Amino acid sequence: MSSLRFPPPLVSPWKKKKKKNNHSPGSNQTSLPSMAALQNSDQKPILLSHLLSFALSVTLSSPFPSLAIPSLNSLSSPLSPTTPFSQSKNLQIGLENGKIRPCPSTNPACVSTNPKSSSFAFPLSIPENFTENPIQKLQEVILKTQRNAKIQVVEDTPYGQYLEAEVDGNFGRDVIEFLVKGDVVAYRTMATKVTYVYPFTTAFGDSKGQEERMKKIIDNLGWYSPTFDSMDQ
């Protein structure tokens, strides 16, 4: 019986033999990164830059007020006066459109001949037989009848002769203003300090003290001062 012989296996000429790794396990040789790893590393910066650009464009073009950044001026600007107490700190003195100003709504200790005032008084009338200088006479009577009186302003205006004086009041300094035009004298007397009692928002005081002051001045002037009571007679 004859035996069968098999030919030796064919070896591909293109197959390379595996090289033995001659490097020790503790060697510091680093392997080169793969192509996939290089692609992933290149995509991360590109993706991050696109996200940043998108976020910046949304912030700059967003119409919503919640994304707006407040300016430094808006943060440091003081609040506009809205409370009666803050408004009473900004009392305006002097003529307004050529007339004596009305009493502020936040100041009850005031009397004015301006018809817009809640505490209204009629203007004074200089008698026909009065021969003195009205402004000079007003200064003399103010200095005579008022405590620590100081004449602040005396000037001629296109609307008449204006006089402003400061005197002692019940809670500080008061201001008296006169406007003499012909034989008519308009005036306003007002406390410059307004007192509030917590927690009420209504100012403390009334116009009685100002009315008594003007009565003393008018009596010394000898000028005519019409009242509502005199009109009823």
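So, of the 233 residues in this protein, 30% count as buried. Keep in mind that we're looking at a predicted model. The accessible surface comes to about 17,900 Å², and 57% of that belongs to carbon and sulfur atoms.

Okay, the layout. You'll find six helices and eight strands. Start at the N terminus and walk along, and the elements go α-α-α-β-β-α-β-β-β-β-β-β-α-α. What about contacts along the chain? If you take contacts between residues at least 6 apart in sequence, 52% of them join residues at least 24 apart.

Now let's go inside. How many residues does the largest nonpolar core have? It has 22, and the ones with the most contacts inside it are Leu138, Phe178 and Trp223. Several elements feed into this core: helix 4 (134-145), helix 5 (208-221), and strands 4 (160-168), 5 (173-181) and 6 (184-191) each supply at least two residues.

Let me stay with tryptophan 223 for a second. Leaving out residues up to four places away in sequence, what does tryptophan 223 touch? Among its partners are Leu124, Ile126, Pro127, Phe130, Leu138, Val185 and Ile218. Ser125 and Lys137 are on that list too.

Next stop, strand 6, where threonine 189 sits. Is threonine 189 buried or exposed? Its relative accessible area is 0%, so threonine 189 is buried; the cut-off for that label is under 20%. And this threonine has polar company. Its side chain joins that of glutamine 210 in a polar contact of 2.4 Å. Another polar contact, at 3.2 Å, links the threonine 189 side chain to the side chain of arginine 213. If you again skip residues up to four places away, threonine 189 touches Gln210, Arg213 and Met214, along with Ala109, Cys110, Val111, Val175 and Ile176.

On to the rings. Searching the whole structure turns up three aromatic pairs, and I'll show you two. In the pair of phenylalanine 120 and phenylalanine 122, the ring centres are 5.3 Å apart and the planes sit at 75°, so we call it edge-to-face; that label needs planes over 60 degrees apart. Phenylalanine 120 is at 29% relative accessibility, so it counts as partly exposed. Phenylalanine 122 is at 17%, so that one counts as buried.

The other pair I picked is phenylalanine 178 with tyrosine 187. Here the centres are 6.1 Å apart and the planes are at 40°, so this pair is tilted. Phenylalanine 178 is buried, with a relative accessible area of 0%, and tyrosine 187 also counts as buried, at 4%. You've met phenylalanine 178 already, by the way: Phe178 was one of the residues with the most contacts inside the core.

Last thing, two asparagines out in loops. Where is asparagine 97? Look in the loop between helix 3 (84-88) and strand 1 (110-112). Asparagine 97 isn't a glycine, yet it has a positive phi of about 55°. With a relative accessible area of 73%, asparagine 97 is exposed.

Then there's asparagine 148, in the loop between helix 4 and strand 3 (150-157). Asparagine 148 has a positive phi as well, about 50°, and again we're not dealing with a glycine. Its relative accessible area is 56%, so asparagine 148 is exposed; the cut-off there is over 50%.

That's my tour. Over to you for questions!

Note on methods. Residues numbered from 1 in each chain as written. Predicted model: local features only at pLDDT ≥ 70, side-chain atom pairs only at ≥ 80, totals over all residues. Heavy atoms only, no water. Core = buried A, V, L, I, M, F, W, Y, C linked by side-chain atoms within 4.5 Å. Buried < 20%, exposed > 50% of the residue type's maximum accessible area, 1.4 Å probe, protein only. Helix = DSSP H or I, 4+ residues; strand = E, 2+ residues; numbered from the N terminus. Contact = heavy atoms within 4.5 Å. Areas by Shrake-Rupley, 256 points an atom, 1.4 Å probe, with all protein chains shown as cover. Polar contact = N/O pair within 3.5 Å; in protein donor to acceptor, adjacent residues only side chain to side chain. Phe/Tyr/Trp six-rings, centres within 6.5 Å; stacked < 30°, edge-to-face > 60°.
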